[in-house]
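Me: Please take a close look at a single part of this model, the surroundings of one core residue, and then work outward from there. A plain account is enough.

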Amino acid sequence: MSNTPNRTFESRPTICPFCGVGCSIEYAGNESATGVDGPVNTRGEICPKGAAAFDVVAHDERLTEPLVRHNGSFVTAPWEEALDRVTEGLCKVIDQHGPDAVQFFASSNCTNEENYVYQKLARILGTNNVDNCARLCHSSTVAAMSERLGAGAMTNTLDDLSETDCLFVTGANPAEQHPVAFRSYLLPAIRDGATLIHVDPRENDTTEAADIHVPLRPGTDIEVLNAVAKTIVEEGLVDEAFLEERVSGVEAFEAHLEDVDVEANASRAGVAPETLREAARAFAEADSAALITGMGMSQHRCGTDNVHALLNLALLTGNVGRPGTGVNPLRGQNNVQGASDVGTLPGILPGYESVTDPDARARLADEWGVEPPGEPGLTEVAATHRFGDEVRAAVVFGENPAVTEPNATQVASAFEELDFCVVIDLFETETAAHADVVLPGSSWAEKSGTVTNTDRRVMRMRPNADLPGNARRDLDILAELGQRLTDVPAAFEYDGPRPVFDELTRVAPIYAGMSYDGIGEGYQRWPFPEGADAGTDVLHAETFATGERTAPLSAIDAVPPADTLEEGELTLTTGRVIQQFNSGAFTRRSERLMAMRGEDVLQIHPTDATARGIEDGDTVRVANERGEVTVTADVTTDVREGVVFCTFHYAEPLINTLTGDALDPVAEIPEYKHSAVAVERVGD
Ligand code: SF4
């Protein structure tokens, strides 16, 4: 399955296209990648996904010509004709319904420069309806951390986490989802004596290294975190000096904790109260303790509140602003941090300035010649709820929302309600099936530019392959659309990504002072104070990024999940496995990774299986009012009773058929991690 015969490959250090760890890799011949010594993987470490990263580059299903729909079917077309169709389709919608009738889906898997130009295109056209898939993974984390601390990113670095005394990992499985970060940074700390507390409904590869496992019921994070906070206060384990100097709202918070009953919270979470107390003591008594958080926390309709409750633990114990401490979201895609940094968010301009800030808009107007609109746009899930209504067109750049959005069957049919849809991608994806035009873009290995990893390091990508057929570089496609669609074509004349990055450093304060040459083969980390060598490692050391000396504690009450369980139903929760990634648009096309895939399984506890007459290996139907899938049962005690688990990587079975689209009221992140389902053996 390769289209390499006429391709040219060249080995140059670049960044892995998968997770946010940001390992350096390069072409190693025979359609394989090898790890090379880089800023993050300093000994050239690589995981199975990184090693297989060229499979997608060389795949024979790559689009090599634009596709346009004629009489219901795609036909190949010259670029000029395809771009004319895009210009005509979008202009017609904008003329009839205004710019807010277009939704722009940005890509966390594309470079900072591409995402910057993309949001610039949307905003110069007159809409803030631009969002990236950070909406679906950590928008709630970013919302809570930005509000309380002033920055929605890892407070610390992978390097200094390797020196911590305690790791409190909640809603994350870094052993499988961020393998090089786990093996090279977290595991050494654990082997050095750091305590690992793992809060997760399942036992997985991370749990194997844990000292304390808190197997909570999905949707009870606040109960667990409040009980831990209560124990810390009750047992006098708070850092009094830190509270005095750096924390506000202490009295109100402690008053709120008076109503928290550790036993009752533990009972609701389905864990032993002593386990929560043990976790609280291990965390609070460590000299330095770090919180690591993932999508098990963020992907709830109370995701923002979950992270607020987590932040309380760091503030109570003085675990902020020092090496080996902090609140550390591990980011999913290789540039999910950067895509948000550069402003592909509906309420946020480049550098996390609000679209409602007139000074920030004026600065952009000076650079662009056009001021962006001042009202926040639509988030991507909310936009799909309005397809065919006020949203009439979509531009989908390197994302696959027909698979990745919750309630996916509904989303797929909503795409059919659009007047016009253009997709820029490598393959005829499930979303492209609903498009009017598909433009063949460039893979990770065919581009240069920068990406920003999970610990705020901006690093450079370098091409390792030429383009297949008539595919074009993404940046060239976006610049061409800017020149065709806007009244300021000169604002989209770029000679490659370097001048785009220079522009970004002028308009995004957190990138100010960085340069391509300064990054070189290393990195620059934001924020990047004047005269810095590599940037700021530990945030919030003297003052918080809000500019304040203190950050507040926040009283958080538990919020029940949107789906309530009817008699006999189980809670479905979802997650990733090491050999696959997100919607699988890349990894499903890797023979190597698919060979490692094994069978798709639904993990189900023996007690739940027995009650339904299900045996290991049976085919089971998993259903709710949103849809149904069939999958093989894996009867295992790795998942707690009352909960079933499945990965979300595949179009078949499409697990997001079952997930709900109730949204967090602040971040509008969907509740992927708690869906009520009925499970039965097929044939009954
Ligand atoms: Fe790529 Fe992440 Fe694996 Fe590193 S750990 S090789 S960045 S998938």
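**Around Y511**

Reply: In this predicted model, Y511 touches N112, G338, D341, T452, V458, F501, L504, T505 and W526, leaving aside residues up to four places away in sequence. Y511 also belongs to the largest nonpolar core, which has 59 residues. Within that core, the residues with the most contacts are F104, Y116, L439 and Y511. A second core, separate from this one, has 53 residues, among them I222, A229, C302 and L316.

One of the contacts of Y511 is W526, and the backbone just after W526 deserves a look. The peptide bond from W526 to P527 is cis, with omega near -5°. P527 itself sits in the loop between β21 (524-525) and β22 (551-552).

Two other loop residues have backbone angles to note. N71 is not a glycine, yet its phi is positive, about 50°. N71 is placed in the loop between β4 (67-70) and β5 (73-76). Because its relative accessibility is 84%, and exposed means over 50%, N71 counts as exposed. E668, also a residue other than glycine, has a positive phi near 55°. The loop that holds E668 runs between β27 (643-647) and β28 (675-681). With a relative accessible area of 26%, E668 is partly exposed.

Next comes a sheet. Five strands make up an open sheet in the order β10-β9-β8-β12-β13, and their pairing is parallel. The edges are taken by β10 (212-214) and β13 (327-329); each has a single partner strand, so one side of each has no neighbour in the sheet. On average, neighbouring strands of this sheet are turned by 15° against each other, with direction ignored. At the β13 edge, the pairing with β12 (residues 289-293) is parallel and runs over three bridges. L291 has V327 in β13 as its bridge partner.

Last, a helix. Helix α14 covers residues 273-285, which is 13 residues. At 1.5 Å a residue, α14 should span 18 Å, and its end C-alpha atoms are 18 Å apart, so the two values agree. The expected span uses one less than the number of residues. The buried residues of α14 are T275, L276, R277, A279, A280, F283 and A284. R277 is thus listed as buried, whereas the loop residue N71 is exposed.

Technical notes
Residues numbered from 1 in each chain as written. Predicted model: local features only at pLDDT ≥ 70, side-chain atom pairs only at ≥ 80, totals over all residues. Heavy atoms only, no water. Core = buried A, V, L, I, M, F, W, Y, C linked by side-chain atoms within 4.5 Å. Buried < 20%, exposed > 50% of the residue type's maximum accessible area, 1.4 Å probe, protein only. Contact = heavy atoms within 4.5 Å. Helix = DSSP H or I, 4+ residues; strand = E, 2+ residues; numbered from the N terminus. Pairing = 2+ DSSP bridges. Axes fitted to C-alpha atoms, helices over the stretch in contact; angles between N-to-C directions.
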